Amino acid sequence: MTTGAPTPTYPARPRRSRVRTFLPLGIAAWLVLEIWLLTVVADATSGFLVFLLLLAGLVLGSVVIKRAGRRAFQALNEALQRGGTPASGGGNGLMMLGGLMIMLPGLISDAVGLLLLIPPVQKALSSYAERAFDRKLREATPGSFGDAYQQARMHRPDGKVVQGEVIRDEPGDAPEGPRPPLTR
C-alpha cells in the first residue's frame, strides 16, 4: 500500500578516505604482530624475561618523556625570559612520542620508539612534517581552517592574539523574569 508520498532522496555519502578505511586494519595487524612476537620471544627464552623487557620499556619510556618535557619547559622558560617565543621544538615532541612508543607493550613499538630518539631521524621527520604542513596550508580551500590560519598569519605578523567575546544587548534578548541567584 502506498500513500503517494515521494520517497525521500538522501544526499550521497562522501567517500571514505583510504586512511580512514585502512587505519583500523593496520592497527589490528600491528597488535596481532606485537602479540605474536612477544609469544615467540617468550617461547625462545622465558616469560619472565619478556616481563622484564616490558617493565624496562615502561621505565625507560617514562624517563624519556619526563626528560623531553623538562627540556621543552626549559626552552619555553628561557624564551619567555628573553621576551620572545621558543624557536623550534628541538625534537621534544618526537622524543615524547618515542618515549610513548617505548612505554607501549611490544617489541616493534619499542624499536620504533628507539628510532625516534635518534637525532638524525628526528631532524628528518620534523622537516618532512613541516613541509607537509606548509603544503596543506597552501592547498587549503577558501573558508577552511587552513585558510583562516594563513589569513591570521598575514594580518597579525606580530603573533599577538587578543582574546574576547562579543555580547550584543538587543531589546528582544532581555530575560522576561527576575534572574535566579548565583550559587556555587
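A contact here means heavy atoms within 4.5 Å. The exercises below use a predicted model.

**Exercise 1. Describe the chain as a whole: its secondary structure, its long-range contacts and its surface.**

Solution.
1. Start with the secondary structure. The chain has six helices and zero strands, and the order along the sequence reads α-α-α-α-α-α.
2. Turn to the contacts. Among those with a separation of 6 or more, 54% join residues 24 or more positions apart.
3. Then take burial. The chain has 184 residues, and 13% of them count as buried.
4. Finish with the surface. The accessible surface is about 15,800 Å², and carbon and sulfur atoms supply 64% of that area.

**Exercise 2. Find E34, decide whether it has a salt bridge, and list what it touches.**

Solution.
1. Locate the residue: E34 sits in helix 1, which covers residues 18–44.
2. Look for a partner of opposite charge. The nearest such side chain is that of R67, 23 Å away.
3. Compare with the cut-off. A salt bridge needs a side-chain nitrogen of Lys or Arg within 4 Å of a carboxyl oxygen of Asp or Glu. E34 has no salt bridge, although it is buried.
4. List the neighbours. Leaving out residues up to four places away in sequence, E34 touches P105, G106, L107, I108 and S109.

**Exercise 3. Classify Q122 and K123 as buried or exposed, and place each in the fold.**

Solution.
1. Assign the helix. Q122 belongs to helix 5, residues 119–138, and K123 is in helix 5 as well.
2. Apply the cut-offs: buried is under 20% relative accessible area, and exposed is over 50%.
3. Q122 has a relative accessible area of 9%, so it is buried. K123 has 64% relative accessibility and therefore counts as exposed.
4. Add the surroundings. The side chain of Q122 reaches the backbone oxygen of L116 at 2.9 Å. K123 and L94 are 29 residues apart in sequence, with 9.4 Å between their C-alpha atoms.

**Exercise 4. Compare the exposure class of R70 with that of L52, and say which surface patch includes L52.**

Solution.
1. Place both residues. R70 is in helix 2, residues 47–82, and L52 is in helix 2 too.
2. Read the accessibility. R70 counts as exposed because its relative accessibility is 51%. L52, at a relative accessible area of 37%, is partly exposed.
3. Relate R70 to a residue further along the sequence. R70 and N92 are 22 residues apart in sequence, and their C-alpha atoms are 9.2 Å apart.
4. Identify the patch. L52 is one of the residues of a nonpolar surface patch, whose other members are F48, L49, F51, L53, L55, L58, V59 and V63. Together these residues and L52 have about 800 Å² of accessible area.

Technical notes: Residues are numbered from 1 along each chain as its sequence is written. This is a predicted model: local features need pLDDT of at least 70, side-chain atom pairs count only at pLDDT 80 or more; totals for chains, interfaces and linings use all residues. Side-chain values use heavy atoms; hydrogens and water are left out. Helices (H or I, at least four residues) and strands (E, at least two) are DSSP runs, numbered from the N terminus. Buried means under 20% relative accessible area, exposed over 50%, partly exposed in between (1.4 Å probe, protein chains only). Accessible areas come from the Shrake-Rupley method with a 1.4 Å probe; for residues, only the protein chains shown count as cover. Lys and Arg count as positive and Asp and Glu as negative; His and the chain ends are not counted. A polar contact is a pair of N or O atoms within 3.5 Å; within protein, one must be able to donate a hydrogen and the other to accept it, and residues adjacent in sequence count only if both atoms are side-chain atoms. Patches are made of residues with over 30% relative accessible area and no salt bridge: like charges are joined within 9 Å, nonpolar side chains (Val, Leu, Ile, Met, Phe, Trp, Tyr) within 5 Å.
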